Structures are given as structure tokens and as C-alpha cells.
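Here is a note for a colleague who is meeting this structure for the first time. Please keep the sequence and the model in view while reading the points that follow.

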Amino acid sequence: MVDANEIVRNILKTIDGVKVTFYHPGEFNSIPVISYYEITSPTGMCFDNEEQAQSSYMAVDIWGKNGAECGRLAIEADRAMQKNGWYREYSRDMPPESGVRHKTMRFYKEIFFEEE
């Protein structure tokens with residue numbers, strides 16, 4: 001098993017001008033923010049009685065001042081994730097929370113252990 005959170009954190013930190021945080025921003029004093037967390041990482045492939053890969057599903061959420069900011073950062077996050085072999089399975093604008101705009105996305109990747 002590998003830590004998919006660490007992999008995604010390192011990808012998202014390459015995006016300029018945005019704070020990256022695990023799970024959910026505790027406060028919205030400093031936005032924009034991109035948050036991420038692992039949804040699940042079941043065994044992806046086994047042979048010779050050993051796990052060789054995991055199927056990792058990750059959530060990436062964009063928090064911004066307006067829809068345009070969320071859209072721009074979502075495109076940047078999507079490009080960064082896809083450049084690193086992740087596939088976007090879902091993307092949705094969420095209802096605003098206390099005036100903060102929110103876009104949520106889900107990504108999938110089959111992580112083979114020799115890759116990492």
C-alpha cells in the first residue's frame with residue numbers, strides 16, 4: 001500500500017497562488033484553497049499472493065471567492081492530476097457555503113507499486 005494522500009498533496013502543491021490542505025479547510029480566512037482526501041484505496045491487483053497495485057480514489061475540492069476563480073483552479077488541478085496519470089471521474093459545482101464557492105472533483109488511478 002502507498003500513501004495516495006502524499007502523492008496528491010505533492011501534485012496539488014505545484015499550483016501557484018493557492019493554499020493546499022488536507023480534508024477540509026478549517027476556516028475560510030485565506031481563500032482560494034484546494035483540499036484533498038482519499039476516498040478509498042482497495043487492492044487493485046495481486047499475483048503470487050502479493051498486492052502489486054491499489055485502485056486509489058481521491059476527492060479534490062476547490063474553495064474560492066467566486067465561480068470564475070473555482071473554475072480556473074479546477075482546470076489547473078485537473079491538468080496537474082491528469083499529467084500525473086489520474087483520471088477525473090466526477091466534477092460538480094456545489095452550493096455556496098457562507099458566501100464561499102465550492103467545486104468538487106473525484107479522481108481515480110491504478111497505482112502500481114514499482115511506479116512509486
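Is tyrosine 57 buried, partly exposed or exposed, and what is its relative accessible area? Point 3 below comes back to tyrosine 57 with the answer.

1. The model is a predicted one, and a word on confidence should come before any detail. The protein chain has an average pLDDT of 92, and 98% of the residues score at least 70. Among the elements of the chain, H1 has the highest mean pLDDT, at 97, whereas strand S3, residues 43-47, has the lowest, at 85. As a general caution, predicted coordinates should not be read in detail where pLDDT is low.

2. The largest nonpolar core has 24 residues, and those touching the most other members are Leu12, Val60, Ile62 and Trp86. At least two residues of this core are supplied by each of helix H1 (4-12), strand S2 (33-40), strand S4 (50-64), helix H2 (67-83) and strand S6 (100-112). H2 gives the largest share, with six residues. Valine 60 deserves a look of its own: apart from neighbours within four places in sequence, its contacts include Val8 and Leu12, Ile34, Ser35 and Tyr36, Ala77 and Met81, and also Met105 and Phe107.

3. The aromatic rings form four pairs in this structure. One of them joins phenylalanine 22 and tyrosine 36 in an edge-to-face arrangement, with 5.7 Å from centre to centre and 70° between the planes. Because phenylalanine 22 belongs to strand S1 (residues 19-22) and tyrosine 36 to strand S2, this pair ties together parts that lie 14 residues apart in sequence. The two partners can be set side by side: phenylalanine 22 counts as partly exposed, at 45% relative accessibility, while tyrosine 36 counts as buried, at 3%. Another pair is that of tyrosine 57 and tyrosine 108, which is tilted, with the centres 4.8 Å apart and 40° between the planes. It links distant parts of the chain, 51 residues apart, since tyrosine 57 is in strand S4 and tyrosine 108 in strand S6. To return to the opening question, tyrosine 57 is partly exposed, because its relative accessible area is 27%, and buried means under 20%. Tyrosine 108, at 19%, is buried. Ring pairs also link Phe22, Tyr23, Tyr36 and Tyr37 into a cluster.

4. Serine 35, a polar residue to examine next, is placed in strand S2 and counts as buried, with a relative accessibility of 0%. Its side chain reaches the backbone oxygen of tyrosine 23 at 3.5 Å. Leaving out residues up to four places away in sequence, serine 35 touches Thr21, Tyr23, His24 and Pro25, and also Ala59, Val60, Asp61 and Trp63.

5. Finally, which residues of H1 are buried? They are Ala4, Asn5, Ile7, Val8, Ile11 and Leu12. These buried residues cover an arc of only 160° around the axis, and they therefore lie on the same side of H1. They pack against S1, S2, S4, H2 and S6. At the start of H1, a side-chain oxygen of aspartate 3 comes to within 3.0 Å of the backbone nitrogen of asparagine 5.

How values were computed:
Residues are numbered from 1 along each chain as its sequence is written. This is a predicted model: local features need pLDDT of at least 70, side-chain atom pairs count only at pLDDT 80 or more; totals for chains, interfaces and linings use all residues. Side-chain values use heavy atoms; hydrogens and water are left out. A nonpolar core is a set of buried Ala, Val, Leu, Ile, Met, Phe, Trp, Tyr and Cys residues joined through side-chain atoms within 4.5 Å. Buried means under 20% relative accessible area, exposed over 50%, partly exposed in between (1.4 Å probe, protein chains only). Helices (H or I, at least four residues) and strands (E, at least two) are DSSP runs, numbered from the N terminus. Contact means heavy atoms within 4.5 Å. Rings of Phe, Tyr and Trp (its six-membered ring) pair if their centres lie within 6.5 Å; planes under 30 degrees apart count as stacked, over 60 as edge-to-face and the rest as tilted. A polar contact is a pair of N or O atoms within 3.5 Å; within protein, one must be able to donate a hydrogen and the other to accept it, and residues adjacent in sequence count only if both atoms are side-chain atoms. pLDDT is the predictor's confidence in each residue, from 0 to 100. The arc is that of the directions from the helix axis to the C-beta atoms.
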